[in-house]
Amino acid sequence: MADAKPSASGAAEGSLAEEFAVPSQVEELRGRMAEFAERHGVAGRRVVLITSGGTKVPLESRTVRFLDNFSSGRRGASSAEYFLDAGYAVIFLHRHRSLYPYTRLYSGINLLDALTAEPECARVVVDQSALPNIAAVLTRYQAVKAAGLLLPVEFSTLSDYLHLLKAAAQALSGIGSKAMFYLAAAVSDFYIPASEMPEHKIQSSNGPLQISMKMVPKMLSPLVRDWAPQAFIISFKLETDCSILLERARRALATYRHQAVVANVLDTRRGYVVVVTRHEQHELQLSDEDARHNVEIEERIVSNLAAAHHDFMLQG
Ligand code: 9Z3
C-alpha cells in the first residue's frame with residue numbers, strides 16, 4: 001500500500017528539518033524563552049511572542065548577496081511597548097538591527113548631537129530638547145528592564161527565523177492559552193535550498209542572472225496545529241493591491257484556522273488596518289485628529305487583540 005500523503009503541517013516540519021540550517025544558539029534560546037514564559041505564566045501574566053522585521057534569504061552560501069523582505073520593524077517595536085503597557089510580558093523576536101522598543105523613538109537622531117562633554121570629560125550632559133520625552137521614555141524602559149518583562153531574541157536569515165519561531169512555540173507551550181503569537185515579521189515566500197545554492201559569489205562574467213527559488217513552507221500550519229494548539233495566534237497579511245486584501249486575509253484564516261489576521265496595505269499601513277476574525281472584521285483607522293496627537297495605530301491594534309485574547313482565554 002502506498003504511504004499516506006503527509007499533512008501540510010507534517011510536510012512543513014519535514015522541510016524545516018531538512019532544508020533550513022539550524023542556528024547555533026537555538027537550544028540556549030529555547031531554554032531562555034521557556035524560563036521566561038514559565039516565570040511570567042506562574043505570576044498570572046500573559047506572554048506575547050512578537051515577530052518583527054524582514055527575513056534575509058541568501059543567494060550564495062558564502063553570502064555576498066541576499067533577498068530581503070521589506071519591514072522597518074516599527075510595527076513590531078511599537079506594538080511591544082503597547083503590549084507591555086497592557087500588562088503582557090514580551091518575547092521580541094526581531095531582525096538584527098531593525099527598530100527596537102523605546103530606542104525606535106530616537107532612530108532618526110544622531111545620539112552624539114544630543115550630548116556634550118563637560119570640561120575634563122568627567123561627565124557627559126544630555127540636551128533633552130534633542131531627545132523628545134527622553135526622561136519619561138527612559139523611566140518606562142528601565143521599569144520594564146528591572147521587572148524582566150522584555151526578552152529580545154534576534155534573527156537575520158529566514159532559517160534563523162523559522163527555527164526560532166518553532167523554538168518559541170515549544171517554549172510557550174507550557175502556558176497554554178496565556179500565550180499570544182503576533183506575527184508581524186515580513187517573511188519571505190521564496191528561498192534557495194542549501195543543496196542548490198552556489199558556494200561562492202555569483203560571477204557577473206557569466207552573464208545575466210537567472211535564479212529559481214522554492215516556495216517557503218507555511219509554518220502557520222504546524223504552529224496552529226502542532227506546536228501551539230492552545231495559543232491565541234495572529235498573523236499579518238500585507239498586500240500592495242487593496243482590492244485583494246480582504247479576500248487574501250479570509251483565505252489565510254480559512255486555511256490555517258487561527259484566531260485573527262491583521263490585514264494591511266503597504267502605503268496606508270500606518271493609519272488603517274482591518275482585524276479579520278472568523279465571524280467579524282474590525283476596521284481600525286486613525287483620524288486627522290489622532291495623527292495630530294501622535295496616536296499610533298499599533299495602540300488600537302494591541303487594545304483590540306488584548307481584549308479578544310482575554311475573551312479567548314475565558315472560553316478555553
Ligand atoms: C506586516 O504586514 C506588517 O504590518 C508590516 C509592518 C511588515 C507591513 P513595518 O515593519 O511594516 O512597520 O515597516 N507583516 C506581515 C508581512 C508578511 O510577510 N505577511 C505574509 C503575507 O502577507 C504572511 S506571514 O503573505
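**An open mixed sheet and the ligand shell**

In this predicted model, eight strands, taken as DSSP runs of E of at least two residues and numbered from the N terminus, form an open sheet of mixed pairing in the order β7-β4-β1-β8-β11-β12-β13-β14, where two strands count as paired if DSSP finds at least two bridges between them. The edges are occupied by β7 (150-155) and β14 (281-285), each of which has a single partner strand, so one side of each is left without a neighbour in the sheet. From one strand to the next the twist averages 15 degrees, with axes fitted as lines to C-alpha atoms (for helices over the stretch in contact) and angles running from 0 to 180 degrees between N-to-C directions.

Within this sheet, β11 (232-239) pairs with β12 (residues 260-265) in the parallel sense over six bridges, and F236 stands opposite V262 in β12. The helix α3 (74-85), helices being DSSP runs of H or I of at least four residues, lies across β1 (47-52), β4 (89-95), β7 and β8 (179-183) and runs at about 165 degrees to β1; contact here requires C-beta atoms, placed from the backbone, within 7 Å.

The ligand is surrounded by 15 residues, of which S71, S72, R75, F236 and L238 are the closest, a residue being near a molecule if its C-beta atom, placed from the backbone, lies within 6 Å of it. Both α3 and β11 supply at least two residues of this shell, and β11 gives the most, with four residues. By class, the shell comprises six nonpolar, five polar and four charged residues, where Ala, Val, Leu, Ile, Met, Phe, Trp, Tyr, Cys and Pro count as nonpolar, Asp, Glu, Lys and Arg as charged, and the others, Gly among them, as polar.

An unreviewed UniProt entry lists residues 46-101 and 174-269 for "domain: DNA/pantothenate metabolism flavoprotein C-terminal", although such annotations may be inferred rather than shown by experiment. Residues 46-101 are 21% helix and 34% strand, with end C-alpha atoms 18 Å apart, while residues 174-269 are 24% helix and 24% strand, with end C-alpha atoms 34 Å apart.

The protein averages a pLDDT (the predictor's confidence in each residue, from 0 to 100) of 95, and 98% of the residues score at least 70; the model scores ipTM 0.96 and pTM 0.96. Residues are numbered from 1 along each chain as its sequence is written. Local features need pLDDT of at least 70 and side-chain atom pairs count only at pLDDT 80 or more, whereas totals for chains, interfaces and linings use all residues.

How values were computed:
Two residues are in contact if their C-beta atoms, placed from the backbone, lie within 7 Å.
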